[in-house]
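Me: Could you take a close look at one part of this model with me? I would like to start from a single side chain and work outwards from there.
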Amino acid sequence: MFLRIITWLVILATILLTVYLYQKGYLTDVKKLRAVMHRYGNWSPLIFVLLQIIQVAIPILPGGVSTLAGVVIFGPFLGFIWNYIGICIGSVLGFHIARRFGRPALETFFSPKALASYEHWTNSDSKFAKYFAWAIFLPIAPDDLLCYLAGTTSMTYRQFTLIILLGKPASILAYSLGLTTVLSKLFGIG
């Protein structure tokens with residue numbers, strides 16, 4: 001129950017923040033978005049990493065949006081670095097939440113249909129680790145759901161963290177470059 005309340009509060013805060021940012025022009029003007037983040041100076045990467053951790057650990061927003069924001073705000077290289085750090089820490093946090101709270105945590109954040117689509121992978125722990133590693137490597141998998149699901153298996157923290165640290169760079173890079181290319185071609189943003 002507590003997690004559901006927190007989730008709804010975060011959803012509401014996210015909606016309000018999105019409306020505010022849109023009204024101020026931060027979501028329609030890349031220069032304005034960069035300027036507001038850079039206003040925080042050396043703190044801006046930390047703020048972004050914290051937002052990325054929250055976005056992954058409390059899976060409400062699509063990760064592609066924040067991943068792209070990192071590249072747009074900080075450029076391709078530093079955007080990749082800050083995305084990687086935030087996403088990896090958030091993934092481990094999601095795994096830990098699921099390990100700590102079990103099935104109720106998954107049911108709080110994910111629909112029964114989404115859970116049913118991937119839950120059969122957990123029938124065999126050895127096969128799950130392989131499926132999980134491939135899914136994390138590919139940029140199209142529902143990573144947040146899979147990280148939570150992994151937390152309900154016998155996978156160790158060490159094995160999980162190793163898969164995340166080695167598998168995430170490829171998917172973050174593919175996602176960042178793909179979205180940046182699309183936005184550049186369609187809207188001249190980049």
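Does F74 count as buried or exposed, and at what relative accessibility? Please go on from there to its ring partner and the packing around the pair.

Reply: Happy to, and please keep in mind that this is a predicted model. F74 counts as buried, because its relative accessibility is 12%, under the 20% cut-off.

Its ring partner is F48: the two form an edge-to-face aromatic pair, with 5.6 Å from centre to centre and 65° between the planes. F48 lies in helix 3 while F74 lies in helix 4 (residues 63-74), so the pair ties together parts that are 26 residues apart in sequence. F48 is buried too, with a relative accessible area of 5%.

F48 also belongs to a separate core of six residues, which includes L33, M37 and I73 as well. Helix 3, which spans residues 44-57, also holds L46. L46 counts as partly exposed because its relative accessibility is 40%, between the 20% and 50% cut-offs. Together with Y40, W43 and L50, L46 makes a nonpolar surface patch of about 450 Å². Helix 3 therefore carries both the buried F48 and the partly exposed L46.

The F48 and F74 pair has company, as the structure holds 10 aromatic pairs. A useful contrast is W134 with F137: their ring centres are 6.1 Å apart and their planes are at 90°, so this pair is edge-to-face. Here both residues lie in helix 8, three residues apart, which is about one turn of the helix. W134 counts as exposed, at 58% relative accessibility, and F137 is partly exposed, with a relative accessible area of 38%.

Ring pairs also link F95, F128, F132, Y157 and F160 into a cluster. Several of those names come up again in the largest nonpolar core, which has 26 residues: F128, F132 and F160 are among those with the most contacts inside it, along with Y148, A150, M155 and I164. Helix 5 (76-101), helix 6 (103-109), helix 8 (125-137), helix 9 (143-150) and helix 10 (157-187) each supply at least two residues of this core. Helix 9 gives the most, with six residues.

To see the packing around one of these rings, try F128. Leaving out residues up to four places away in sequence, F128 touches W121, T122, L146, L149, A150, T153 and M155.

F160 offers another way in, through V92 of helix 5. Beyond residues up to four places away in sequence, V92 touches F160 and T161. V92 and T161 are 69 residues apart in sequence, yet their C-alpha atoms are 6.7 Å apart in space. V92 is partly exposed, with a relative accessible area of 25%.

Stepping back to the whole chain, there are 10 helices and zero strands. Of the 190 residues, 39% count as buried. Among contacts between residues at least 6 apart in sequence, 71% join residues at least 24 apart. The accessible surface comes to about 11,000 Å², and carbon and sulfur atoms account for 71% of that area.

Definitions and conventions: Residues are numbered from 1 along each chain as its sequence is written. This is a predicted model: local features need pLDDT of at least 70, side-chain atom pairs count only at pLDDT 80 or more; totals for chains, interfaces and linings use all residues. Side-chain values use heavy atoms; hydrogens and water are left out. Patches are made of residues with over 30% relative accessible area and no salt bridge: like charges are joined within 9 Å, nonpolar side chains (Val, Leu, Ile, Met, Phe, Trp, Tyr) within 5 Å. Accessible areas come from the Shrake-Rupley method with a 1.4 Å probe; for residues, only the protein chains shown count as cover. A salt bridge is a side-chain nitrogen of Lys or Arg within 4 Å of a carboxyl oxygen of Asp or Glu. Helices (H or I, at least four residues) and strands (E, at least two) are DSSP runs, numbered from the N terminus. Buried means under 20% relative accessible area, exposed over 50%, partly exposed in between (1.4 Å probe, protein chains only). A nonpolar core is a set of buried Ala, Val, Leu, Ile, Met, Phe, Trp, Tyr and Cys residues joined through side-chain atoms within 4.5 Å. Contact means heavy atoms within 4.5 Å. Rings of Phe, Tyr and Trp (its six-membered ring) pair if their centres lie within 6.5 Å; planes under 30 degrees apart count as stacked, over 60 as edge-to-face and the rest as tilted.
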